[in-house]
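Q: Please take a close look at one strand of this protein and its surroundings. I should like the strand pairing, burial and contacts set out in one connected account.

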Amino acid sequence: MPDHLLANIDETLDAYCNSRSLPRFRARQIREWLFKKRAADWQAMTNLPKTLRSELADELQIWSTKIVRHNKSVDGTEKLLLGLADGGQVECVLLRDRVRRTICVSTQVGCGMGCVFCASGLDGVDRNLTSGEIVEQMLRLQLLLDDDERLSHIVVMGVGEPLANLDALLPALEQAHRPEGLDISARRITISTVGLPKAIDRLASMNSHYRLAISLHAPNDEIRDRLVPVNRRIGMAAILQAADNYFNSSGRRLTFEYVLLADINDEPKHAGQLAKMLAGREALLNVIPYNPVSGLPFRTPTAERQQQFRAILEASGVRVRFRHRKGDDIDAACGQLRRSQATQQS
Ligand code: SAH
């Protein structure tokens, strides 16, 4: 079995070049082909000698995953369902919004957080993804772009809890960020988390400059304990403290996410409590009207209810953005494609 190149690309290429006494620029050329020139295989790397290309193909495997499904939405959203070497599956998405080209990647097979409205965690977590598998999602999505399109943003908002897999995520984001990698600035890379204070503190102490989005979903612990079970042993005060600490060390404005669920967290008094909680914080509130998951009892609030919720927050001076739904026709929301595939098979 050839080695998976993306698992540890720098060391693997160095070792390969050393063992064959190849000049160091070969490693640089290969990186360039993969990250900048969007090569899909070794044969595409036309400035490498043909014999070297076929040797590389025998010894180093670029892709460890297979494309199980590739869905395209009428709105330009594309979604890949990838089959992992051990049989697991992950999803990742490309979103097109004017000049923005945002990719959304997964970090785990399933999710252990158990948020009651989310499709990703319904069957728990199988395992963490490796750095190579995370980088692979990025490169596979980049290959979907036309020549005149450029990847501009990365959101770690796919299946899984990114901060429960930081050890694999950070090296993968490093490949996304570094100039010889995808060269995407840290400002344009967002990690979305359920809110794990220790891991947020670790990011702060590392001087990380990625944007952080925290999935709040509730204006108080009582509601959050019901929606986000891990909250019972964490509590919102500890999350907000870690978030403030991250803001102070990174200087990046925080994003709070709030899935709006009819008759659960969408009442005017909830908007009022939320506004109080966010007052004085340099933050953006990202409201996501619930995207229905089949089999779950939750509903999307009416347009009027959404508007009322928004107006209360705006009147209190909170910066609010409602997230538009994209790719509805292709199950683009997190965990849904993987799930619909599993349901069809079972
Ligand atoms: N584990 C990370 C990433 C999850 S997905 C986190 O919790 O942030 C990104 C966002 O989508 C999270 O805020 C998540 O709560 C939200 N989400 C999950 N299922 C949803 C649904 N059915 N409708 C709308 N938003 C959903």
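A: The account below turns to strand β6, after a short description of the whole chain and before some other elements.

This is a predicted model, in which local features need pLDDT of at least 70 and side-chain atom pairs count only at pLDDT 80 or more, while totals for chains, interfaces and linings use all residues. Residues are numbered from 1 along each chain as its sequence is written, and side-chain values use heavy atoms, with hydrogens and water left out.

The protein has 11 helices and 14 strands; helices (H or I, at least four residues) and strands (E, at least two) are DSSP runs, numbered from the N terminus. Its radius of gyration is 21 Å, which agrees with the value near 20 Å for a compact globule of 346 residues. That radius is taken over C-alpha atoms, and the globule rule is 2.2 Å times the number of residues to the power 0.38. Along the principal axes, the C-alpha atoms fill a box of roughly 70 × 45 × 40 Å. Of the 346 residues, 55% count as buried, where buried means under 20% relative accessible area, exposed over 50%, and partly exposed in between (1.4 Å probe, protein chains only). Among contacts between residues at least 6 apart in sequence, 68% join residues at least 24 apart; contact means heavy atoms within 4.5 Å.

Strand β6 covers residues 100–104. Because 4 of its 5 residues are buried, β6 is largely enclosed by the rest of the structure. Two pairings involve this strand, and two strands pair if DSSP finds at least two bridges between them. With strand β5 (residues 89–97), β6 pairs in the antiparallel sense over 5 bridges. These two strands form a hairpin with 2 residues between them, and Arg98 in the turn has a positive phi of about 50°. Asp97 stands opposite Arg100 of β6. With strand β9 (residues 153–156), β6 pairs in the parallel sense over 3 bridges.

Thr102 belongs to β6 and has His153 as its bridge partner in β9. The relative accessible area of Thr102 is 12%, so this residue is buried. Leaving aside neighbours within four places in sequence, Thr102 is in contact with Val93, Leu94, Leu95, His153 and Val155.

Helix α4 (residues 131–142) holds Gln137. This glutamine is buried, with a relative accessible area of 0%. Neighbours within four places in sequence aside, the contacts of Gln137 include Val90, Glu91 and Cys92, as well as Leu82.

Another hairpin is formed by β3 and β4. Strand β3 (residues 66–72) and strand β4 (residues 78–83) pair in the antiparallel sense over 6 bridges. Arg69 stands opposite Leu81 in β4. The hairpin has 5 residues between the strands, and Gly76 takes a positive phi near 95°.

Further along the sequence, Ala243 is found in helix α8 (residues 236–250). Ala243 is buried, with a relative accessible area of 0%. Not counting residues up to four places away in sequence, Ala243 touches Ile200, Ile214, Leu254 and Phe256. Ala243 and Leu22 are 221 residues apart in sequence and 47 Å apart in space, C-alpha to C-alpha.
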